[in-house]
Amino acid sequence: MEKKTVQKVNVLCISLDTKITTLMTDTRNLPNELVEKALELGLEIAGPQIWVYDGADGNPNTPIELTIALPIAQTVGEPGKFRFAGFPEMNCISEIHQGPWAKLGDTYHKLMPAIMQKGLACTGISREVYHVCDFENQENCITEIQIEVR
């Protein structure tokens, strides 16, 4: 676990209302479409895909706002159903999760008590940065969890 400041970044993104229980159904092919749109616009991809969760409280049935984002070097062209945005600088507790996404909850459950022990307050915003995505063998996946704190 590391406390750090994540620098601001420009992104191509899309936001939707969902729940953890319906996340995969609700997002469908949006992550791939996002990459396709960036390539179509000739944008330089500046980092791994980021998923931002606003309002997640640990209950898989709580409605949340999910933003699926791709860091980009420039914001040019017509993004269609997507939009350009700037993610602000963020102070967070960060932890690397190695392995299947189905076990991300285990890492979150370890982080929350540690955050409270440090006397920090969560803002309700968390990010997952997908550094390595291996759909055939998820044991190889590397996901950075960033929980915004103040």
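## Exercises on two pockets

About 190 Å³ of space lies in the second largest pocket of this predicted model.

**Exercise 1.** Describe the lining of the second largest pocket: which residues are closest to its centre, and which elements supply at least two residues each?

*Solution.*
- Start at the centre. Of 13 lining residues, Val52, Phe87, Pro88, Ile125 and Arg127 are the closest to it.
- Turn to the elements. E3, strand E4 (64-71), strand E5 (83-87) and E7 each supply at least two residues.
- Find the top contributor. E5 gives the most, with three residues.
- Sort by class. The lining has six nonpolar, two polar and five charged residues.

**Exercise 2.** Now take the largest pocket. What is its volume, and which residues lie nearest its centre?

*Solution.*
- Give the volume. The largest pocket has about 1200 Å³.
- Go to the lining. It holds 38 residues. Nearest the centre of the largest pocket lie Leu23, Tyr53, Leu104, Glu128 and Tyr130.

**Exercise 3.** Break down the lining of the largest pocket by element and by class.

*Solution.*
- List the helices. H1 (23-27), H2 (30-40) and H3 (104-117) each supply at least two residues.
- Add the strands. E3 (50-54), E7 (122-132) and E8 (142-149) each do so too.
- Pick out the largest share. It comes from E7, with seven residues.
- Count the classes. The lining of the largest pocket divides into 22 nonpolar, 12 polar and four charged residues.

**Exercise 4.** Which strands supply at least two residues to the lining of each of the two pockets?

*Solution.*
- Take the largest pocket. Its strands are E3, E7 and E8.
- Take the second largest pocket. Its strands are E3, E4, E5 and E7.
- Compare the two lists. E3 and E7 stand in both.

Note on methods
Residues numbered from 1 in each chain as written. Predicted model: local features only at pLDDT ≥ 70, side-chain atom pairs only at ≥ 80, totals over all residues. Heavy atoms only, no water. 1 Å grid on protein atoms, 1.4 Å probe; cavity = no way out; pocket = protein on both sides within 12 Å on 5 of 7 lines; lining within 4 Å. Points joined across faces, edges and corners; volume = space filled by probe spheres on them. Helix = DSSP H or I, 4+ residues; strand = E, 2+ residues; numbered from the N terminus. Nonpolar A, V, L, I, M, F, W, Y, C, P; charged D, E, K, R; others polar.
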